[in-house]
Amino acid sequence: MGRRCWRQRVLAAACLGAALLLLCAAPRTLSPVFGNRALGSSWLGGERRSPLQKLYDLDQDPRSTLAEVHRQRRDLLSSACSRHTRRQRLLQPEDLRHVLVDDAHGLLYCYVPKVACTNWKRVLLALSGQTRGDPRAIPAHEAHAPGRLPSLADFSPAEINRRLRAYLAFLFVREPFERLASAYRNKLARPYSAAFQRRYGTRIVQRLRPHALPDARARGHDVRFAEFLAYLLDPRTRRDEPFNEHWERAHALCHPCRLRYDIVGKFETLAEDAAFVLGLAGAPGLSFPGPPRPRGAAASRDLAVRLFRDISPFYQRRLFDLYKMDFLLFNYSTPSYLRLH
Ligand SMILES: *[C@@H]1O[C@H](CO)[C@@H](O)[C@H](O)[C@H]1NC(C)=O
């Protein structure tokens, strides 16, 4: 499979148009030869191999169990894509806003909020040499400052396609409802997100709570999880504007059925997957910041279980439909606590 797949990518490269981003549903790009030609300068003048070439090397090596894990994830993603997606419109550069670019190493990282994206941005800043020392020391607001890391959307279609062909593309995903529970808690339930509460909380209260108290209408500080879900399921919400990135579905942010991702990292195996990517990037000195709290995984699940317990089966079902593609594409099973039938 490995070899055929890589050959397919070379063929796919032929159908990338320059004027429009014609991202054929087929996998992206690249053989090692192509990589050399496309990249030319930077590291390839010398001995160093690009991250994508290193992944290719590992893919040929039957002893690399991690490469095997990632190959299986890619295969699963691409078969889920062909099973569940219909014909889609062409991507425009603006659709690639979330894909961050590291030209020095040849990396593309699509960030999904609530999936360690602050730490990934910190690491990319450290990789790009914009800051020295421990990535942990970079303040969060600095990591998120617009323009600190270039986005693929800022390039011309030809420049975009060149990078799509030659760079290692990766994203990190998370169990969709745990991610959603985390977004609710951090942005709407916690007092420190006053800005989010003013922007979204007030809207939710005004729309969904007929007899809201003036204080709640003005501050939006006490939105319940059920109200948040009702807001997500309200057709008016997405008619007015796209979902905020913290609760937008990962597939809608990163377009994994049209861009070829070489690595699908998971929040559930963050340390291991991050180390794999950093190894390919050739940054052995750099370690991915560890989780702030030890019991991360269990706590994340407990929160989702607790929040969904009070949600009616009717809403659970509709919400599952809304997030279903993220479950399918990234191999997350239906949470056992849901009452879907
Ligand atoms: C998909 O999930 C199942 C169940 O958790 C697991 O056994 C399997 O290895 C996963 N497949 C991939 C490709 O990750």
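In this predicted model, the residues around the ligand are Gln-72, Arg-73, Leu-76 and Asn-331. The chain that supplies them has 16 helices and 4 strands, and the structure holds 2 disulfides. The points below take up the ligand, the chain as a whole, the cysteines and the surroundings of Arg-190.

**Ligand surroundings**

- Sorted by class, the shell around the ligand contains 1 nonpolar, 2 polar and 1 charged residues.
- Asn-331, one of the residues around the ligand, places a polar side-chain atom 2.4 Å from an oxygen atom of the ligand.
- Taken on its own, the ligand has 360 Å² of accessible area, and the protein covers 41% of that area.

**The chain as a whole**

- Of the 341 residues in the chain, 52% are buried.
- The accessible surface of the chain comes to about 16300 Å², and carbon and sulfur atoms account for 55% of that surface.
- Among the contacts in the chain with a separation of 6 or more, 70% are made by residues that are 24 or more positions apart.

**The disulfide of Cys-81 and Cys-257**

- Cys-81 and Cys-257 are joined by a disulfide with an S to S distance of 2.0 Å, and their link is left-handed, with -85 degrees about the S-S bond.
- Because Cys-81 lies in helix 4 (residues 65-84) while Cys-257 lies in the loop between helix 13 (250-254) and strand 4 (263-266), this pair ties together parts that are 176 residues apart in sequence.
- As for solvent exposure, both Cys-81 and Cys-257 are buried.

**The disulfide of Cys-110 and Cys-254**

- A disulfide also joins Cys-110 to Cys-254, with an S to S distance of 2.0 Å, and this link is left-handed, with -90 degrees about the S-S bond.
- The pair connects distant parts of the chain, since Cys-110 is found in strand 2 (residues 107-110) and Cys-254 in helix 13, 144 residues apart.
- Cys-110 has a relative accessible area of 0% and is therefore buried, and Cys-254, with a relative accessible area of 0%, is likewise buried.
- Helix 13 thus appears in the description of both links: Cys-254 lies in helix 13, and Cys-257 lies in the loop between helix 13 and strand 4.

**Cys-117, a cysteine without a bond to its closest partner**

- The closest cysteine sulfur to that of Cys-117 belongs to Cys-110 and is 10.0 Å away, which is too far for a bond, because a disulfide requires the two sulfur atoms to be within 2.5 Å.
- Cys-110 is itself joined to Cys-254 by a disulfide.
- Cys-117 has a relative accessible area of 6%, so this residue counts as buried, the cut-off being under 20%.

**Arg-190 and its surroundings**

- Arg-190 is located in the loop between helix 8 (176-189) and helix 9 (194-208).
- With a relative accessible area of 29%, Arg-190 is partly exposed, because its value falls between the 20% under which a residue is buried and the 50% over which a residue is exposed.
- When its neighbours within four places in sequence are left aside, Arg-190 is in contact with Arg-185 and Gln-197.
- Arg-190 and His-221 are 31 residues apart along the chain, and their C-alpha atoms are separated by 8.2 Å.

Note on methods: Residues numbered from 1 in each chain as written. Predicted model: local features only at pLDDT ≥ 70, side-chain atom pairs only at ≥ 80, totals over all residues. Heavy atoms only, no water. Helix = DSSP H or I, 4+ residues; strand = E, 2+ residues; numbered from the N terminus. Buried < 20%, exposed > 50% of the residue type's maximum accessible area, 1.4 Å probe, protein only. Contact = heavy atoms within 4.5 Å. Areas by Shrake-Rupley, 256 points an atom, 1.4 Å probe, with all protein chains shown as cover. Near = heavy atom within 4 Å. Polar contact = N/O pair within 3.5 Å; in protein donor to acceptor, adjacent residues only side chain to side chain. Nonpolar A, V, L, I, M, F, W, Y, C, P; charged D, E, K, R; others polar.
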